[in-house]
Amino acid sequence: MNGRVKALCMLLACALYPALGEIKETKLTGFSIEQEIVLPGSPTEVYDALTGDISPWWDHHTSEKPKKFFIDPRPGGGFYEIFNDAGDGILHATVIYADRGKKLQFTGPLPFSGKVADFAVTYDLAPDPAGTRLHLTANVAGQLPDGAEKMADGVWHHFLFERLKPYMESPEYKKRKEPRVKNSSFVSPSGERVLRHEVFVNASVADAWKTLTTSEGWMTFMAPNVHMELKTGGAFDSNYHVGAKLGDPGTIHNQVLNYVPMEMFSIKVGLTDQFPQGPREAGTLFCVLNLKEAAPNRVLVTESMLGWGEGEEWNQVYKFFDRGNAYTLAQLARRFEQGPTVWKEEQK
């Protein structure tokens, strides 16, 4: 092939295959950040503030007002920013390690979405006399702009020291973390009253079931003395007085009616001498507890109480259990937030 033919071929090739775009060389770099802060609350409380809905303190987002901003704390769970009801949004990172109250790890581009960049973030939690010591490690690598290390260090300091800590010390946080027991009582079509309360518990169905169906479980939040036999016709006795024994004055005698493992159980309610004679002798009250998984490590517990009569005596009993059942479910939720109750003499 002579020179003229060769040049013609090259011109034809350029015409057939025009330039597809501009090619730019990018440099890859990386760095590590470590920060540590002591936060109020137990390791479990801090972990829960770091996960789930983080919009109260994480103020860097792509959309002006995201519909949802949350971390799903389970392996494979996402760090999501959802823009709208249609589900448009961004996956900022993916959770790779989740151990509630101890460690959380997630990886993803975070603010560098669209670039070949990756953050590997670890939150290590440990008890501290002042609350919980949070140690942050962020390893970053990829297509990063100049000065990215100073920017990232400043942003994480902003999140932890200027946003998360003040938030966990605020009245807003204290209000949000308080177990919210919902009263969903109603009157059935037949005219019978149903006293119902609901609460979300941060536990697996298995852990919640074990707590609600064993003597040891009930004694971690309801009363210091409990004996429960999970079987049809099984005894369910309790005494709320510290130092007392089952059978001593004040002992409450209930009875298990039936159950479906991991789903529900019902009991016949026994009334002590403190209640009016009519309802006590009627013996018609019973209670049903239902468990339903709402999300990983989150269970909806519903307690329904039925068998009410009419009249002032029954109204007195209804008011007592309206307060008492709500308090017991709140204690159940706190048991998984703050740990088992330590029964002391002054709690009599």
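Which residues in helix 2 meet which residues in helix 8?

1. **Where the two helices touch.** This is a predicted model. In it, T44, E45 and D48 of helix 2 meet F336, E337 and Q338 of helix 8. By class, this contact has one nonpolar, two polar and three charged residues.

2. **How they cross.** Two packed helices are described by the angle between their axes and the distance between the axes. For helix 2 and helix 8, the angle is about 95° and the axes are 7 Å apart. Angles of 65 to 115 degrees count as roughly perpendicular, so helix 2 is roughly perpendicular to helix 8.

3. **The sheet.** Strands of a sheet pair through backbone hydrogen bonds, either parallel or antiparallel. Here, eight strands form an open sheet with antiparallel pairing. Read across the sheet, the order is 1-8-7-6-5-4-3-2. Strand 1 (29–39) and strand 2 are the edges. Each has a single partner strand, so one side of each has no neighbour in the sheet.

4. **One strand pair.** Look at strand 6 (residues 103–108) and strand 7 (residues 117–128). They pair in the antiparallel sense over six bridges. G108 stands opposite F119 in strand 7.

5. **Helices on the sheet.** Helix 2 lies across strands including strand 1, strand 3 and strand 8 (131–142). Helix 2 runs at about 155° to strand 7. Helix 3 (residues 148–168) lies across strand 1, strand 6, strand 7 and strand 8. Helix 3 runs at about 20° to strand 1.

6. **The largest pocket.** This pocket holds about 1,200 Å³ of space. It is lined by 35 residues, and the closest to its centre are D48, G52, N202, R298 and E337. Two of these names are familiar: D48 and E337 also take part in the contact of helix 2 with helix 8. Among the elements that give two or more residues to the lining are helix 2 (43–50), strand 5 (89–99), strand 11 (193–201) and helix 8 (312–338). By class, the lining has 16 nonpolar, five polar and 14 charged residues.

7. **The second largest pocket.** About 870 Å³ of space lies here. This pocket is lined by 35 residues, and M222, S238, Y240, I252 and T328 are the closest to its centre. Strand 13 (235–239), strand 14 (252–260), strand 16 (286–295), strand 17 (298–306) and helix 8 each give two or more residues to the lining. Helix 8 gives the largest share, nine residues. By class, the lining has 20 nonpolar, 14 polar and one charged residues.

Methods:
Residues numbered from 1 in each chain as written. Predicted model: local features only at pLDDT ≥ 70, side-chain atom pairs only at ≥ 80, totals over all residues. Heavy atoms only, no water. 1 Å grid on protein atoms, 1.4 Å probe; cavity = no way out; pocket = protein on both sides within 12 Å on 5 of 7 lines; lining within 4 Å. Points joined across faces, edges and corners; volume = space filled by probe spheres on them. Helix = DSSP H or I, 4+ residues; strand = E, 2+ residues; numbered from the N terminus. Nonpolar A, V, L, I, M, F, W, Y, C, P; charged D, E, K, R; others polar. Pairing = 2+ DSSP bridges. Contact = heavy atoms within 4.5 Å. Axes fitted to C-alpha atoms, helices over the stretch in contact; angles between N-to-C directions. Parallel < 35°, antiparallel > 145°, perpendicular 65-115°, else oblique.
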